[in-house]
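Colleague: Could you take me slowly through one part of this model, the surroundings of the bound molecule, and place a few other residues along the way? I am still learning to read structures, so please explain how each description is reached.

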Amino acid sequence: MTPDLFGDTPGAFAPEPLAPGAVVLRGYAAGVAGALLAAITEVAAGAPFRQMKTPGGYTMSVAMTGCGEVCWVTDQTGYRYQAGDPLSGQPWPAMPEPFLRLAGEAAAAAGYRDFIPDACLINRYCPGSRMSLHQDRDERDFDQPIVSVSLGLPATFQFGGETRRVRPVNVPLSHGDVVVWGGPARLRYHGVLRLKQGWHPLTGEYRYNLTFRRAL
Ligand code: MD3
Ligand code: FE
């Protein structure tokens, strides 16, 4: 049998370099989207989506929850990874098996072996939600990549440079797309433009983004 590496078999994909250190795997997670969404529902049953406050006093338009040993949180005092959910004082839900498997396989497909995330931040966008340009630098080891998975409504991702001065390029991200950000791309500024309204058969009016991280 001929291996159908880049054909239409579920899980088939063509890795597409976006920038040094950043690889897009278009549609890579589409085949497991149902399992990932079921796991999101399960995580959110224990740790509900909430709109957190930034240290500057703004309420984020993106609702977040997460799972793993720690999860990223923000409040009036700052940004950090925290072992317990500040809403409940309980540990975050454990990382669901389909999350771990997908993150590890996608990282390997992008050339990062043995990626074992200890945190997954789950972002939920409704129409009008956006994420302004920022760096992800609250993790301890920037040699570890971040794996991001887009589910549901499409969004326009902004990919900037190592400083705010660099004008970002727009990258469309749709259902099932996975991006692995490592190496020289790891500290680049990025954001997400305001989500347009729409309807997706699996997620309704929402876009979800999973970011798998090695925080500790
Ligand atoms: C590029 N999330 O949660 S994922 C975030 O779609 C975040 O919800 C966005 O930025 C979202 O922090 C974008 C893509 C992403 C994640 C991490 C990166 C791009 C990155 C780290 C370095 C460079
Ligand atoms: Fe980010």
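Modeller: Let us start with Gly34, which belongs to helix H1, the run of residues 33-46, and keep in mind throughout that this is a predicted model. Gly34 has a relative accessibility of 47%, and because the label "exposed" is kept for values over 50% while "buried" means under 20%, Gly34 counts as partly exposed. From Gly34 we can step across to Thr203, for although 169 residues separate the two in sequence, their C-alpha atoms are 9.7 Å apart in space.

Thr203 sits in the loop that joins E12 to E13, and with a relative accessibility of 9% it is under the 20% limit and therefore counts as buried. Another pairing with Thr203 is Gly27, which lies 176 residues away along the chain, with 16 Å between the two C-alpha atoms.

The two strands on either side of that loop bring us to the part you asked about. Strand E12 (190-192) and strand E13 (207-213) each supply at least two residues of the shell around ligand 1, as do strand E6 (119-125), strand E7 (131-134) and strand E8 (146-152). The largest share of this shell comes from E13, which gives four residues. In total 19 residues surround ligand 1, and the closest are Asn123, Tyr125, Arg186, His190 and Arg207. Sorted by class, the shell consists of eight nonpolar, six polar and five charged residues.

Now look at individual atoms, where three side chains each place an N or O atom at a short listed distance from an oxygen atom of ligand 1. For Tyr125 this distance is 2.5 Å, for Arg207 it is 2.8 Å, and for His190 it is 3.0 Å. Taken alone, ligand 1 would expose 500 Å², and the protein buries 98% of that area. The space that ligand 1 takes up is also the largest pocket of the model.

One of the strands in that shell, E6, also leads us on to other residues, since the loop between helix H2 (97-109) and E6 holds Asp114. Its relative accessible area is 71%, which is over 50%, so Asp114 is exposed. The backbone of Asp114 deserves a look as well, for its phi is near 55°, a positive value in a residue other than glycine. For context, most residues other than glycine have a negative phi.

Helix H2, on the other side of that loop, contains Ala103. Here the relative accessible area is 0%, and because this is under 20%, Ala103 is buried. Ala103 and Pro117 are 14 residues apart in sequence, and going from C-alpha to C-alpha they are 7.5 Å apart in space.

A last residue to place is Gly66, which is found in strand E3, residues 63-68. Gly66 likewise has 0% relative accessibility and so counts as buried. Its C-alpha atom is separated by 17 Å from that of Gly104, and the two residues are 38 apart along the chain.

If you return to the picture now, begin at ligand 1 and find Tyr125, His190 and Arg207, which are listed among its closest residues, and then follow the loop between E12 and E13 to Thr203.

Note on methods. Residues numbered from 1 in each chain as written. Chains lettered and ligands numbered in written order. Predicted model: local features only at pLDDT ≥ 70, side-chain atom pairs only at ≥ 80, totals over all residues. Heavy atoms only, no water. Near = heavy atom within 4 Å. Polar contact = N/O pair within 3.5 Å; in protein donor to acceptor, adjacent residues only side chain to side chain. Areas by Shrake-Rupley, 256 points an atom, 1.4 Å probe, with all protein chains shown as cover. 1 Å grid on protein atoms, 1.4 Å probe; cavity = no way out; pocket = protein on both sides within 12 Å on 5 of 7 lines; lining within 4 Å. Sits in = over half its atoms within 2 Å of the grid points. Nonpolar A, V, L, I, M, F, W, Y, C, P; charged D, E, K, R; others polar. Buried < 20%, exposed > 50% of the residue type's maximum accessible area, 1.4 Å probe, protein only.
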